[in-house]
Amino acid sequence: QAASVGADNVEHYRFLKTLCNVLSSLGIHLADVWTQRPPNFGMYLAAIEAFFSHPSVYLRNEAVAVFTSLINHQKIGDDEIFNECICRVIISAPGLLEKVGYPSQNNHETCHFSQHDYDDDNDFSHAFTREIQFDQYLQFRDRCLKVVRSCCTEKFINLLVGIVEKWFINRCLNCPDLVRQTEWDAMQRFSKLVLWEYHSRKLLKPLRRPLSDNVDDDIDDKSVKRHCIALLLRIVTVFADDIKEQAGIVLEFCLSIRPFLSPMQLASCMQVIAALSNLCVDFAAQNNFISNALSDPLCYFLRAEIQEVLQSDIAFLTFFGFTSPAPANVAEATRLSFIINRREFRAHLSTLEGIMAQTQSVAPPLHPAYSAFRPILPAVFLLVKRLNSLYDPKNASVVHVSYGPLSVFDITTSERQQLLTPIDSCISSTTRSSSDDPGTHARAFIFDVTEKVQTLTGYFASKAGKQLFSDPEISSWALFLSCHLTFIPDFRLRFWLRRTWKPFLCGCPEVAYHSVRQLLLVVIEELSKRLQSRWEQLAASEYAGDDEPSQKQLLAEHMACVLTRECSIFLRDLFGISDTEHSCCPLKSVVTGDKIEEISCIKNCFLRDEEVIGKIVECMFLCLTYRDATSVVRIIPVCRNAIENLSERCSEEIAIFMLIQSIKSLQIHGSDELALTHLLSLVFFIYSSLRERFSSLSQVLQQVPECTLEDVERLDRRIASMKLKKDFANEKMKREVMKKLLRTAIATSVGEQHRRPVHLRSLPPIPKNNERSEEGFTDLRSVFGDI
């Protein structure tokens with residue numbers, strides 16, 4: 001009765017919150033001392049249920065805390081009165097999860113109570129995010145979903161699934177236009193949780209209706225069908241052991257809904273079938289299973305028309321409509337043949353990428369999909385060459401002017417936001433733009449196709465490497481991967497490095513090294529030139545003026561840092577260096593820090609290839625001088641590993657280069673304590689390892705200001721003594737020796753740079769009184785004289 005009073009009576013609402021706090025604390029304590037049902041338990045639950053259904057978010061949170069405590073209690077969970085109450089709570093939970101009630105609005109009853117509990121809309125909005133860990137509404141939502149999760153048992157599961165099914169049918173299918181965004185978000189959370197927990201055969205019944213309905217659905221991220229397929233894929237992959245007995249039913253279900261799916265939805269459905277292939281008992285059955293799933297995309301890429309499209313840039317741009325006038329609106333776009341070409345091409349490419357992503361061989365290292373993919377592999381690798389050649393400047397003039405002033409080959413909005421968000425929190429994080437601008441859609445198409453091809457070719461190397469690298473055509477395919485690298489922009493190059501070149505080169509066996517040698521050489525040379533050029537441009541812009549950097553300059557600087565870090569990760573993998581728990585200490589490779597894995601076959605090969613290893617050493621030591629301390633710390637173990645492997649074959653020119661670059665790095669990164677620690681150890685390691693062979697290294701040290709010949713000779717004697725005694729364990733001592741020797745070349749730390757100078761003045765000495773006064777007690781009379 002008290003909970004039914006509105007928000008106008010402020011004093012009553014305060015009393016109501018106090019009363020709710022008392023009852024909530026009582027309920028939470030009850031779970032700890034429960035032995036049997038107390039008197040008036042039903043009345044107490046009715047009061048808590050009233051608070052749970054109250055419009056105030058604060059009261060709901062206090063009430064749901066009681067249900068969270070009681071529902072997991074074994075004896076209370078079997079109580080009839082409590083179960084009846086929980087059924088009513090479950091039914092009302094989806095509506096209460098809806099995000100409504102902003103203090104600045106008056107369109108809902110919750111708004112009036114929020115005006116008492118929240119300062120402004122931002123305060124209220126933060127309650128629906130995970131940025132604030134102790135927000136009231138955040139606790140309510142998580143506690144409410146925790147109650148729902150605890151109810152996903154045989155006792156309540158039919159009720160929960162019924163709520164989801166009824167909502168899909170009555171709201172999403174019968175009247176989708178009436179579904180509010182807040183309602184969709186709330187039910188999406190609720191439905192995902194219920195269906196995630198409920199992974200039995202009954203799941204297919206509520207999914208069949210939305211997936212079999214002939215709804216005119218476009219390619220939409222929030223499409224009901226796409227969500228259902230994603231949910232089905234998640235269940236098949238996560239609960240693979242439990243789904244084995246129902247695999248035939250799931251397969252039949254997927255095949256039955258194919259006529260009702262769009263091309264992109266069908267591509268997602270094929271991932272479910274690929275995941276089901278992992279349940280096959282033998283390799284031949286899995287191979288046959290995958291071959292049937294790949295029939296449509298294989299036929300598409302083997303068509304003569306598609307083969308011709310991949311032969312030249314003009315043919316590619318013409319086929320996808322970039323040389324024709326862009327569609328003026330969505331209605332016109334649906335009728336144009338080149339828009340249909342884009343959708344079909346992207347959908348079939350998504351199918352190929354999805355099947356490779358989901359398939360796990362039952363007889364590794366052989367992959368069941370490779371033999372099915374083999375006929376179209378030349379087309380896939382030719383597509384890699386074609387995508388990279390599109391960035392040739394001459395192609396910009398071929399694109400029709402109706403696509404706007406911004407190039408269709410430029411960075412997309414989502415990529416720009418992804419790069420700028422870590423350095424500028426004011427950049428709004430949004431999904432792909434829903435604008436009708438044809439240039440935006442064209443850039444999104446090129447981005448999607450490039451991303452899928454990068455991932456697909458990387459999967460061939462990482463999942464089917466044994467078959468791929470033993471193929472007679474591997475040399476020509478690797479050559480396609482090395483074409484037109486100079487045209488690729490930085491925001492694309494980093495993903496080619498991460499998704500394609502790294503797995504392709506690191507997965508190459510020794511027998512195929514000469515097939516990929518040119519690719520390795522071209523990639524290393526391009527990375528060295530590209531990074532040098534970018535950091536030189538940034539250094540020049542820093543001296544140009546003191547104005548606040550523009551967003552374009554911030555993007556260029558951050559892009560240089562990102563590309564440098566990708567390069568360091570690539571080199572670490574190339575040398576077989578992996579991260580362990582304490583990656584901040586790359587100098588110890590046995591117990592802590594970076595771990596040297598089993599030597600890869602390609603490492604054995606390029607260490608013996610003088611030209612290639614020379615380019616690799618140049619690239620890694622140049623990375624030491626780029627103004628990104630994170631990359632420096634990560635590249636140092638690679639430098640150290642390279643020196644260990646090249647100590648006997650290293651030339652004097654390379655040795656001097658390595659030492660100079662390391663000292664330059666100290667000048668740049670010496671103010672960073674972590675980088676300084678590792679750089680000092682690296683300089684000592686280079687000098688101590690190569691000094692005996694190359695006396696010119698001592699001359700390099702003598703060029704450091706205030707570093708005399710005596711200091712260098714003293715260092716030589718100390719190193720000789722350590723080698724004689726085989727005492728190289730004390731890393732701290734080595735760093736201290738080098739720090740003292742190179743102190744004038746080390747950049748001043750930030751703390752020292754801003755420390756106020758302190759000058760000690762010589763003060764005159766305080767005179768000492770050597771005369772000792774006579775001791776007497778006559779003065780005590782002044783204290784005790786009147787007693």
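This is a short dialogue on reading helix packing, a pocket and two backbone features in a predicted model.

Biologist: How do I read the packing of two helices? Take α2 and α4: at what angle do they cross?

Modeller: Look at the angle between the axes, then the distance. Helix α2 covers residues 41-52 and helix α4 covers residues 80-96. Their axes cross at roughly 5 degrees and come within 11 Å. Angles under 35 degrees count as roughly parallel, so α2 is roughly parallel to α4.

Biologist: Which residues in α2 and α4 meet?

Modeller: From α2 come Phe41, Gly42, Leu45, Glu49 and Phe52. On the α4 side they meet Ile81, Phe82, Cys85, Arg88, Val89, Ser92 and Leu96. By class, this contact of α2 with α4 has eight nonpolar, two polar and two charged residues.

Biologist: Now α1 and α5. Are they roughly parallel or roughly perpendicular?

Modeller: Start with the angle again. Helix α5 spans residues 109-117, and α1 packs against it at about 80 degrees, with the axes 12 Å apart. The range 65 to 115 counts as roughly perpendicular, so α1 is roughly perpendicular to α5. In α1, Val10, Tyr13 and Lys17 take part; in α5, their partners are Phe113, His116 and Asp117. The classes in the contact of α1 with α5 are three nonpolar, one polar and two charged residues.

Biologist: How far apart are the axes of α29 and α32?

Modeller: They lie 9 Å apart, and the packing angle is about 15 degrees. Find α29 at residues 551-574 and α32 at residues 629-646. That angle makes α29 roughly parallel to α32. The crossing of α29 and α32 also has a hand: left-handed.

Biologist: Which residues in α29 and α32 meet?

Modeller: α29 offers Cys561, Thr564, Arg565, Ser568, Ile569, Leu571 and Arg572. α32 offers Thr630, Ser631, Arg634, Ile635, Pro637 and Val638. By class, the contact of α29 with α32 has six nonpolar, four polar and three charged residues.

Biologist: Next, pockets. What is the volume of the second largest pocket?

Modeller: Its volume is about 580 Å³. After the volume, check the lining. There are 19 lining residues, and the closest to the centre of the second largest pocket are Asp490, Lys552, Leu555, Ala556 and Met559.

Biologist: Which helix gives the largest share of that lining?

Modeller: α29 does, with six residues in the lining of the second largest pocket. Helices α23 (413-420), α27 (490-506), α28 (513-544) and α29 each supply at least two. Sorted by class, this lining has 10 nonpolar, three polar and six charged residues.

Biologist: What should I look for in the backbone?

Modeller: Most residues other than glycine have a negative phi, and most peptide bonds are trans. Then look for exceptions.

Biologist: Which residue has a positive phi although it is not a glycine?

Modeller: Asn40, with a phi of about 60 degrees. Find Asn40 in the loop between α1 (10-33) and α2.

Biologist: And which peptide bond is cis?

Modeller: The bond from Pro364 to Pro365 is cis, with omega near 10 degrees. Pro365 sits in the loop between α20 (337-358) and α21 (370-373).

Key. Residues numbered from 1 in each chain as written. Predicted model: local features only at pLDDT ≥ 70, side-chain atom pairs only at ≥ 80, totals over all residues. Heavy atoms only, no water. Axes fitted to C-alpha atoms, helices over the stretch in contact; angles between N-to-C directions. Helix = DSSP H or I, 4+ residues; strand = E, 2+ residues; numbered from the N terminus. Parallel < 35°, antiparallel > 145°, perpendicular 65-115°, else oblique. Left-handed = near helix turned anticlockwise from the far one by under 90°. Contact = heavy atoms within 4.5 Å. Nonpolar A, V, L, I, M, F, W, Y, C, P; charged D, E, K, R; others polar. 1 Å grid on protein atoms, 1.4 Å probe; cavity = no way out; pocket = protein on both sides within 12 Å on 5 of 7 lines; lining within 4 Å. Points joined across faces, edges and corners; volume = space filled by probe spheres on them.
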